Amino acid sequence: MIELNNLKEIRKMYEKGVNLIEYFKKQGYEGDALTEAVMVSYDIQAGTYTESDKNKPEVRDKYTDALANVVNQLGNFASILEAGVGEATTLTKLLPKLNQSDYAAYGFDISWSRIKYAQSNCHRRSLGQVQLFTGDIFSVPIQNDSIDIVYTLHSLEPNGGREKAALEELYRITGNYLVLLEPIYEWASEEGKARMDKMGYIKNVEVTIRDLGYDMIECRPLEYAVNPLNPTGLIVIKKEEGANQKNKNPLACPITKHPVTKRQDCLFSPESLLAYPIIGDIPCLLPQNAVVATHFADTL
């Protein structure tokens, strides 16, 4: 695991141009240790996507045009969530392009600092109704079948070797449709494949979905990609009829998946007896944020 007393040194590496995720992978980080490394890397980089969007707004405009076209064809929905929302540079441009207006919107990211930027970006665009929180894509703090439409935009990308686990977790929380905009290794050029191998990007996504038995109703190259060496594919998965629970409060303990409710300065799960802090109006729902609070209710 990363030594958290060394964050300033890690930040200096980033400022010198080191690709932190690639660095940690070369150091042998994998599994949960790699997840923590990704969290640290993303947190240190926070603000760069907001700045990039200011300089090149057309990039997100094109992605969200394509994504909105897909979502608007999926029918009515009560909730939508971006997994790996980052700084909400996609979410804030997508929502105004949707045909509907009466829905609940959610977004989570493993980095608290990115969510802080996302919060600011949502407020700046008068999207204060979006509920943002920290979460891990491998232990999403959402109850089963709770979100009508779940989507990603290159959020699975750095998790090569963990494709099955990520897909199973996103499918678990999905009520109706799971929409993936992710790099497709098999469609890349040889140069692109070499780059993706070096970066440890995902592979065999289409095959993994079929092996899991999911109903993949669409799979094609997206009409737009920022980097031709990293082609974006569009995959739409439909969940079986009747799965959606129409949950008005879908947040959950990331460890047990039991519901959580807001209590003073935290979210508490009466079933799991775990509490999660709220810092800067941001619920912190990573598994490692859990506080054992077996007598929490006794103190109220």
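Is proline 254 buried or exposed? In this predicted model, proline 254 is buried, because its relative accessible area of 2% falls under the 20% cut-off. The residue sits in the loop between β7 and β8. Leaving aside residues up to four places away in sequence, proline 254 touches Ser139, Val140, Pro141, Tyr276, Leu285, Leu286 and Pro287. One of these partners, leucine 285, is 31 residues away along the chain, yet the two C-alpha atoms are separated by 6.5 Å.

Now to the main sheet. It's an open one, built from 7 strands in the order β3-β2-β1-β4-β5-β7-β6, with mixed pairing. The edges are taken by β3 (131-134) and β6 (215-221), each of which pairs on one side only. Going from one strand to its neighbour, the turn averages 15 degrees, direction ignored.

Within this sheet, β1 (79-83) is a good strand to look at up close. On one side β1 runs parallel to β2 (104-109), with 5 bridges joining the pair; here leucine 81 stands opposite tyrosine 106. β1 also runs parallel to β4 (residues 147-153), this time over 3 bridges, and isoleucine 80 has isoleucine 149 of β4 as its bridge partner. As for cover, 5 of the 5 residues of β1 are buried. In a regular strand, side chains alternate between the two faces of the sheet. For β1, Ser79, Leu81 and Ala83 lie on one side and Ile80 and Glu82 on the other, and both faces are covered.

Over at the β6 edge, the pairing is antiparallel: 6 bridges join β6 to β7 (residues 232-238). Arginine 220 stands opposite leucine 234 of β7 in this pair. Helix α10 (residues 205-212) lies across β6 and β7 as well as β5 (174-183), and its direction makes an angle of about 170 degrees with that of β6.

A second set of strands comes later in the chain. β8 (residues 261-263) pairs with β9 (residues 266-269) in the antiparallel sense over 3 bridges, with arginine 263 opposite cysteine 266. The two strands make a hairpin with 2 residues between them, and there glutamine 264 takes a positive phi near 55 degrees. β9 then pairs with β10 (residues 274-279), again antiparallel, over 4 bridges. In that pair serine 269 stands opposite leucine 274. The hairpin of β9 and β10 has 4 residues between the strands, and leucine 273 in the turn has a positive phi of about 60 degrees. β9 itself is well covered: Cys266 and Phe268 point one way, Leu267 and Ser269 point the other way, and all are buried.

What about open space? The largest pocket holds about 1,200 Å³. Its lining takes in 48 residues, and Tyr42, Tyr49, Arg114, His154 and Glu157 lie nearest the centre. Several elements give two or more residues to the lining, namely α2 (20-26), α3 (31-45), α4, α5 (57-71), β1, β2 and α9 (190-199). So β1 and β2, which pair in the sheet, are both among the elements of the pocket lining.

Helix α4 (residues 48-55), one of the lining elements, is also home to threonine 50. Threonine 50 counts as buried because its relative accessibility is 8%, under the 20% limit. Its contacts, again leaving out residues up to four places away in sequence, are Glu87, Thr89, Tyr117 and Asn121.

Last come the cysteines. The model has 0 disulfides. Cysteine 122, for one, is in no disulfide; the nearest cysteine sulfur belongs to cysteine 284 and is 17 Å away, whereas a disulfide would need the sulfur atoms within 2.5 Å. Cysteine 122 counts as buried because its relative accessibility is 2%. Cysteine 219, by contrast, is partly exposed, with a relative accessible area of 26%.

Conventions
Residues numbered from 1 in each chain as written. Predicted model: local features only at pLDDT ≥ 70, side-chain atom pairs only at ≥ 80, totals over all residues. Heavy atoms only, no water. Pairing = 2+ DSSP bridges. Axes fitted to C-alpha atoms, helices over the stretch in contact; angles between N-to-C directions. Contact = heavy atoms within 4.5 Å. Buried < 20%, exposed > 50% of the residue type's maximum accessible area, 1.4 Å probe, protein only. 1 Å grid on protein atoms, 1.4 Å probe; cavity = no way out; pocket = protein on both sides within 12 Å on 5 of 7 lines; lining within 4 Å. Points joined across faces, edges and corners; volume = space filled by probe spheres on them.
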